[in-house]
Amino acid sequence: WRLEGFFGFDCGLPALHCTHSSLFFFFCCCPKSVPLSAVDRSGAIACHRFSISLASGDAVTPMAANVVCPGEVLKAVFPLLNGVDLASCMCVCRQWRLAASDDYLWKLQCARRWPSTRKSPGRHPIGAGVGYYKLFTSLYKKQRLRALPASSLSFEALEFYVDIWLDSKSVYSDVVAGPVVQLGILDPPLGICESMRNHLKSSTYKMTIPVCPRFEVSFTEMIHVSLLVRRRDKDQVACIIDKSGFNYVDGPGYKAHAYDYLQFSPQHPFVSEIRAWLALLFIDAKGGRMEVFGIELDFCDVANSDNEVLWLLDILDWK
């Protein structure tokens with residue numbers, strides 16, 4: 001049988017709208033039972049001639065609340081459903097819940113999804129102890145992302161040490177307080193391109209540092225950056241970027257990007273391959289050079305909020 005939808009109408013459900021091109025509803029209007037011979041070879045259940053096929057967009061109004069679906073029909077149809085649909089049927093009414101709770105049905109679901117479970121050896125095969133319903137629902141459902149609790153670290157306790165070189169000459173060196181990084185560039189300067197203005201005003205999470213005084217760069221020169229962070233509450237320092245080059249230039253976006261892989265505490269041995277990105281934000285200058293008016297820091301691989309960034313920084317290899 002091909003079963004696109006299966007609904008019962010003994011619990012006062014609202015009008016149902018079909019969204020599939022071919023959807024079978026089964027109206028089982030026998031007061032007690034219907035023989036399995038009522039199922040024809042086309043896959044529709046002809047219970048007292050109430051079997052219908054609906055086109056997409058048609059609506060069906062539930063029948064009277066005293067319509068009961070025969071148990072024999074449920075036993076014939078439920079083994080054909082997938083696990084999600086079978087679990088949905090358990091929410092229709094008490095009759096359907098009792099029928100769909102049969103552990104044999106869930107043993108079939110486990111065998112379909114994990115065929116190796118049928119070969120479980122011994123007198124106590126997998127699932128026999130806890131039940132196949134619990135086994136299936138525990139392993140099938142995806143874990144929801146949980147909200148992180150507030151980090152014990154705060155931006156007020158952080159200082160960022162930024163150094164930029166053109167070839168071997170230092171052109172920018174500054175210590176930026178954590179709240180300044182958190183606050184970002186509130187007033188974009190005049191002369192920036194429209195794409196840069198839209199980027200700075202967008203709601204996407206970003207940490208930007210205004211550069212003062214500004215400096216000019218040329219991409220005929222090698223540009224490198226280092227970024228250290230200090231937590232004043234424990235007087236410890238960690239390295240975020242260790243003299244990386246700006247190898248990625250976004251000309252239309254007026255940005256140049258450098259990155260480095262974060263070094264984490266030995267207490268977190270399974271955390272690795274997370275990058276810190278730092279971008280120079282440009283305005284056109286004379287002679288084909290670019291003027292740097294801001295620096296943008298992000299950990300877009302994993303952290304996209306203040307709290308996530310603080311948790312990430314907290315597990316760095318602090319010295």
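This is a short walk through one part of a predicted model, with something to select at each stop.

**Stop 1: the five-stranded sheet**

Start by selecting β7, β13, β12, β11 and β10, which line up in that order as an open sheet with antiparallel pairing. Look at the two edges: β7 (207–217) and β10 (248–250) each have a single partner strand, so one side of each is left without a neighbour in the sheet. If you turn the view, you can follow a twist that averages 25 degrees from one strand to the next.

Now zoom in on β7 and on β13 (residues 290–298), an antiparallel pair joined by seven bridges. For a landmark, pick M207, which stands opposite L297 in β13.

**Stop 2: the helix α7**

Next, select residues 194–201, which form helix α7, and colour M196, H199 and L200, because these residues are buried. Their arc around the axis is only 95 degrees, which puts them on the same side of α7. An α-helix has 3.6 residues a turn, so residues three or four places apart point the same way.

What do the buried residues of α7 pack against? Show their surroundings and you will find β7, β11 (255–261), β12 (275–284) and β13. On the other side of the helix, E194 and K201 are exposed.

**Stop 3: the hairpin of β8 and β9**

Move on to β8 (residues 223–231) and β9 (residues 236–245), which run antiparallel and are joined by seven bridges. Here H224 has G245 in β9 as its bridge partner. Four residues lie between the strands of this hairpin, and D235 takes a positive phi near 50 degrees.

**Stop 4: charged pairs around the hairpin**

Stay here and show the side chains. R230 and D235 meet in a salt bridge, at 3.3 Å from N to O. R230 is partly exposed at 23% relative accessible area, while D235 is exposed at 54%.

Then select D233 and R231, another salt bridge, whose closest N and O atoms are 3.1 Å apart. Is R231 buried or exposed? R231 counts as buried, at 3% relative accessibility, whereas D233 is partly exposed at 46%.

Finally, select E159 and R232, whose side chains form a salt bridge at 3.6 Å, N to O. E159 lies in β5 (residues 158–166) and R232 in the loop between β8 and β9, so this pair ties together parts that are 73 residues apart in sequence. E159 is buried, with 16% relative accessible area. To finish, show E159, R230, R232 and D235 together: they are linked in a network of salt bridges.

Notes
Residues are numbered from 1 along each chain as its sequence is written. This is a predicted model: local features need pLDDT of at least 70, side-chain atom pairs count only at pLDDT 80 or more; totals for chains, interfaces and linings use all residues. Side-chain values use heavy atoms; hydrogens and water are left out. Two strands pair if DSSP finds at least two bridges between them. Axes are lines fitted to C-alpha atoms, for helices over the stretch in contact, and angles run from 0 to 180 degrees between N-to-C directions. Buried means under 20% relative accessible area, exposed over 50%, partly exposed in between (1.4 Å probe, protein chains only). The arc is that of the directions from the helix axis to the C-beta atoms. Contact means heavy atoms within 4.5 Å. A salt bridge is a side-chain nitrogen of Lys or Arg within 4 Å of a carboxyl oxygen of Asp or Glu.
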